[in-house]
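Trainee: Could we go through this structure together? I would like to start with the nucleic acid and then move on to the protein.

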There are 4 protein chains.
Amino acid sequence: MCSDATERRAPSKAPTAGRSFIETARRRQLIDAAVATVNEIGYHRASLAEIAKRANIAKSAVVYYFASKEALLLELVETVFAALGEAVLTSVDGVESPAARLRAYAEAYLAHVDADRHAIVAAVEIVISHRTADGTPLYLIEDDQDTALLRSILAAGMEDGTFRTMPIGVATGLAESVLDRAITLVQRAPQSDLGELRAHALPFLFRALGVAHV
Amino acid sequence: MCSDATERRAPSKAPTAGRSFIETARRRQLIDAAVATVNEIGYHRASLAEIAKRANIAKSAVVYYFASKEALLLELVETVFAALGEAVLTSVDGVESPAARLRAYAEAYLAHVDADRHAIVAAVEIVISHRTADGTPLYLIEDDQDTALLRSILAAGMEDGTFRTMPIGVATGLAESVLDRAITLVQRAPQSDLGELRAHALPFLFRALGVAHV
Amino acid sequence: MCSDATERRAPSKAPTAGRSFIETARRRQLIDAAVATVNEIGYHRASLAEIAKRANIAKSAVVYYFASKEALLLELVETVFAALGEAVLTSVDGVESPAARLRAYAEAYLAHVDADRHAIVAAVEIVISHRTADGTPLYLIEDDQDTALLRSILAAGMEDGTFRTMPIGVATGLAESVLDRAITLVQRAPQSDLGELRAHALPFLFRALGVAHV
Amino acid sequence: MCSDATERRAPSKAPTAGRSFIETARRRQLIDAAVATVNEIGYHRASLAEIAKRANIAKSAVVYYFASKEALLLELVETVFAALGEAVLTSVDGVESPAARLRAYAEAYLAHVDADRHAIVAAVEIVISHRTADGTPLYLIEDDQDTALLRSILAAGMEDGTFRTMPIGVATGLAESVLDRAITLVQRAPQSDLGELRAHALPFLFRALGVAHV
DNA sequence: GATGAATGAGGCTTCATTCAT
DNA sequence: TATGAATGAAGCCTCATTCAT
């Protein structure tokens, strides 16, 4: 759905500017509660009341901290994808060759999805389901620059002959799809063991990209 | 999301048993309206009122033909995936070698998604978003046997050495993910040109499966 | 609820005037279906659709024969209580002494309730539940003259010293209540055996009215 | 309909646990409004909107305090019959002889019906008309133990020779019917003067039970 | 900093009734 | 004679949000 998040723009509001300790904690707690709620009953039924219940807090307190339900959901999505983006970004830091960078990227991506699966599944469901007031789906807003890092790795690899040449958009999209299989898996069964996938997805992807000796 | 549909079970009720001409037409019209509605404003906001508005019909008339909103949505999903399943099933009919069967399957799949994109995008959004009364997501119900054909093709190909050996579940899932890239594309931009993808996805997939001479 | 129905006024419309054979049969059939429906699911849920279903007929056909749901229900009530009224009226015909008349009345009443219990229970539920368009409950319309026969028997008995003297309204009401215990019983359990009640209610009532040697 | 209520079970939820002052008041107000509504327009038409209108409150506020219309109605019934049960229970407390106990019981019952007539008429109509989601009428749930006190008094009286021996079920039922005449009266005319009935019902009942010197 | 109270908009569904055939 | 089609009104309920405290 959303493979990375290079150079994440600063969140709309100042990140943690002027937030009291308790406020930060409450916001964290509410995001966690929202994750749990979406996972348990789905975006469609994740009402403020349900989220508040799971946070052991009054419904109106949610709005007190987040101005609106949408703001909470958006921050959840932002937070989750920022973490994923940071993970992959860190993983390729200092790595030189396109092949090694792709390997690092993919492994970090899959590892992060594996580790943070609950939050990611919730965030993905929100991105798919939520629409802003004017009807725009979130994935049209969130997307784009998220795949920039992956795209740049693949482009570099094609340039230097590591990867087969093919339209960069197609390659990026297919690579993204392969990696996102991990998300589909945990979506369908939260307890899935991702071991097998993690073992085979990378060779699969490398071969697909024309790297013969894998 | 849903790569094929071997031997689709007959819909719960008799298919078109004793339906008047006008009833059949209305049901078709309502399903189309539902597709349009979901595509325009999303599952979450696709209320009976919105669907009825697009069908130029009273809200209560929708229920007159479908008993419930859920019934309408479910029939939409059933119809759409049945057509997709039939398309791929037909395409491999009489084809012998695993490689040729996979090629036929993938081309039919992509062609169908390309041609029927609106309906498929709507159906996929419903499958992802809808929950039955007891909270079960639809994709947990709909799934399973839908990938049976693809799985059997891959299994046969591994058996006879056409494809590299790897866990069948992983292979099927990754192949599905590659093909479903087409759905993701039309989801994000309904007017997408799938030409490039259709040209490259199959070689990409074949290489990934270890078929060298592609 | 409603002890008898002396000198029933003619039903609003001419009784059977100019009704074809089939029309009469249909009306009968629909009344029976309405009785069954009310008994099975209660007045509140006894919709035209449910009644029609039990009559194996289209919903619109009900209205075709009865002009409105209310007309059907009212005719049901009318029919049922007319039969009860006729039964008791016949039973006292030619009987002279107040005591014997009361005995005849009570036995006929209880026997009729016992025999026609389904229809009576349904009619009573309708009388209790239904309100005309202006909000008047049916029992305020239906009642009154229904107790005239019982009242006249008791009045005669008090006059000639058979029964203890007491306000005629109170006596009639209490006697009615005693007899209506049979209805309450079948209301609560449609299969009730009324044998015990039928054996003891009359002595109970006679003693209550001051007839010592019972 | 419901002659007493020995040892009323505690309401499902804690009685008034943790209810704020305003909540208690609102709930009371809503129950009163429901009583008024049912009396004015009948159970069948007593919608949330009508109840809310009479309580000068928004429809949704009703649900805010009661979770569902059914919960409100059930609490109304519970409250009303609990009060009636308590009244009769208190009245016989410390009274020894069956005759005196029956007198106390009957007088308390009639006095309570007389005093609380509006609420009782409403509660009775609800008990008769309401069906739970699965179709069960309320009187099949509410009933049973409500007549236990009356039954025990009559049984004791038969045992010690005060009352004529007769099947206890029949006796209890008929006694109940006699007393419930008061309810029927106020049902049909809310302003009825119960004076005459209260003066004659008890002697009537005693004679019926074979107590000669009344 | 946090909440209980309250609401209005909107969602799904039921239903008696009308009408053309 | 009978019905399928269609509807509008109304019913119950959910929910995000506002506000006074």
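**The DNA and the paired chains**

Mentor: Helix 3 of chain C contributes 5 residues to the surface near DNA strand F, the most of any element. Please keep in mind that this is a predicted model.

Trainee: Which residues come nearest to DNA strand F?

Mentor: There are 34 residues around DNA strand F, and the nearest are A:L48, B:S20, B:S60, B:Y65 and C:Y65.

Trainee: What share of the strand F atoms within 4 Å of the protein belongs to sugar or phosphate?

Mentor: Sugar or phosphate accounts for 59% of those atoms, and bases account for the rest.

Trainee: Which side chain has an N or O atom 3.4 Å from a base oxygen of strand F?

Mentor: That side chain belongs to A:K59. Phosphate oxygens of strand F are also approached: an N or O atom in the side chain of C:Y64 lies 3.2 Å from one, and for the side chain of D:S47 the distance to a phosphate oxygen is 3.4 Å. Among the elements that give two or more residues to the surface near strand F are helix 1 (21-41) and helix 3 of chain B.

Trainee: Now DNA strand E, please. Which residues come nearest there?

Mentor: Of the 33 residues around DNA strand E, the nearest are A:Y65, C:L48, D:S20, D:S60 and D:Y65. Sugar or phosphate supplies 56% of the strand E atoms within 4 Å of the protein, while the rest belong to bases.

Trainee: What does D:S60 approach on strand E?

Mentor: An N or O atom in the side chain of D:S60 is 2.8 Å from a base oxygen of strand E. Two other residues of chain D approach phosphate oxygens of that strand: D:R26 does so with a polar side-chain atom at 3.0 Å, and D:A58 with a backbone N or O atom at 3.0 Å.

Trainee: Which helix gives the most to the surface near strand E?

Mentor: Helix 3 of chain A gives the most, with 5 residues.

Trainee: Changing topic: what rotation superposes chain A on chain B?

Mentor: A rotation of 179° with a shift of 0.1 Å along its axis superposes chain A on chain B, with an RMSD of 0.2 Å. In chain A, A:A208 has the C-alpha nearest that axis, at 2.1 Å.

Trainee: Why can one say that chains A and B meet through the same surface?

Mentor: Because 100% of the interface residues of chain A are interface residues in chain B as well, the copies meet through the same surface.

Trainee: And what rotation superposes chain C on chain D?

Mentor: The rotation is 179°, with 0.0 Å of shift along its axis and an RMSD of 0.2 Å. The two copies are therefore related as by a two-fold rotation axis. The same surface serves both copies here, since 100% of the contact residues of chain C recur in chain D.

Trainee: Which residue of chain C comes closest to the rotation axis?

Mentor: That is C:A208, whose C-alpha is 2.1 Å from the axis.

Trainee: One last topic: how many residues does helix 9 of chain D have?

Mentor: Helix 9 of chain D has 21 residues, 168-188. From its first C-alpha to its last, helix 9 reaches 30 Å, close to the 30 Å expected at 1.5 Å a residue.

Trainee: Where is the kink in that helix centred?

Mentor: The kink, of about 35°, is centred on D:L179.

Trainee: How many residues of helix 9 are buried?

Mentor: In helix 9 of chain D, 18 of the 21 residues are buried, so the helix is mostly covered.

Technical notes. Residues are numbered from 1 along each chain as its sequence is written. Chains are lettered from A and ligands numbered from 1 in the order in which they are written. This is a predicted model: local features need pLDDT of at least 70, side-chain atom pairs count only at pLDDT 80 or more; totals for chains, interfaces and linings use all residues. Side-chain values use heavy atoms; hydrogens and water are left out. Helices (H or I, at least four residues) and strands (E, at least two) are DSSP runs, numbered from the N terminus. The expected span of a helix is 1.5 Å times one less than its number of residues. The bend at a residue is the angle between axes fitted to the seven residues ending there and the seven starting there. Buried means under 20% relative accessible area, exposed over 50%, partly exposed in between (1.4 Å probe, protein chains only). Copies are superposed by least squares on the C-alpha atoms of residues with pLDDT of at least 70 in both. Contact means heavy atoms within 4.5 Å. A residue is near a molecule or strand if one of its heavy atoms lies within 4 Å of it. A polar contact is a pair of N or O atoms within 3.5 Å; within protein, one must be able to donate a hydrogen and the other to accept it, and residues adjacent in sequence count only if both atoms are side-chain atoms.
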